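Got your viewer open? Load the model and let's take a walk through it, one selection at a time.

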Amino acid sequence: LLGDAAHRVHPLAGQGANIGFRGVQELIRNINNNPDRGIGDYKVLNSFESGLQRQVTPMLAFIDGMYKLNSTSFDPIVAARSFGLGMVNQLPILKNIILDRARS
C-alpha cells in the first residue's frame, strides 16, 4: 500500500500526498537496488517498509502532536501553544527549518 492507504494521516498538515510520493520513491529505489528480485520479494518489501518508516514516522508524529496540541481548550496548553507559535513566527531561521522539512 502507498500513500494515504498505507498511513493514517490527519489532513491537518496536508502531507498525505507528500508521504505518498515518498512511498513511491522508496519503492522505486528498492526495486532498482534489487534488480534480480521481483517486486513481491520479501527482501525488497521489507527494505521498502523499513526505509519508508524511517522517513515518515517523524512527520506522522509531528502531525499527530500538532493535532493534539490544537484540539485542546485547556488554558495552560492554549497559552503555551500561542507562545510557541509566536516564537516560531518571530524566528525566521526556525520557521524556515520547519517549512523546509514539511516541503521535503
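Here is a short tour, from the overall fold to a pocket and then to a pair of glycines.

Keep in mind that this is a predicted model. Start with the cartoon view: you should find four helices and zero strands, and reading along the sequence gives α-α-α-α. Of the 104 residues, 19% are buried. If you like contact maps, take the contacts between residues at least 6 apart in sequence: 53% of them join residues at least 24 apart.

Now switch on the surface. The protein exposes about 7300 Å², with carbon and sulfur atoms supplying 62% of that area.

Next stop, the largest pocket. Select F62, M66, L85, V88 and I98, the lining residues that lie nearest its centre. In total, 20 residues line this pocket, and the space inside comes to about 470 Å³. Which helices should you colour to see the lining? Try α2 (42-70), α3 (75-90) and α4 (92-103), since each supplies at least two lining residues. Colour the lining by class and you get 14 nonpolar, three polar and three charged residues.

Last, go to helix α1, residues 16-33, and pick G23. Is G23 buried or exposed? Its relative accessible area is 1%, so G23 counts as buried, the cut-off being under 20%. While you're there, select G51 as well and draw a distance between the two C-alpha atoms: G23 and G51 sit 28 residues apart along the chain, and their C-alpha atoms are separated by 9.2 Å.

Conventions:
Residues numbered from 1 in each chain as written. Predicted model: local features only at pLDDT ≥ 70, side-chain atom pairs only at ≥ 80, totals over all residues. Heavy atoms only, no water. Buried < 20%, exposed > 50% of the residue type's maximum accessible area, 1.4 Å probe, protein only. Contact = heavy atoms within 4.5 Å. Areas by Shrake-Rupley, 256 points an atom, 1.4 Å probe, with all protein chains shown as cover. 1 Å grid on protein atoms, 1.4 Å probe; cavity = no way out; pocket = protein on both sides within 12 Å on 5 of 7 lines; lining within 4 Å. Points joined across faces, edges and corners; volume = space filled by probe spheres on them. Nonpolar A, V, L, I, M, F, W, Y, C, P; charged D, E, K, R; others polar.
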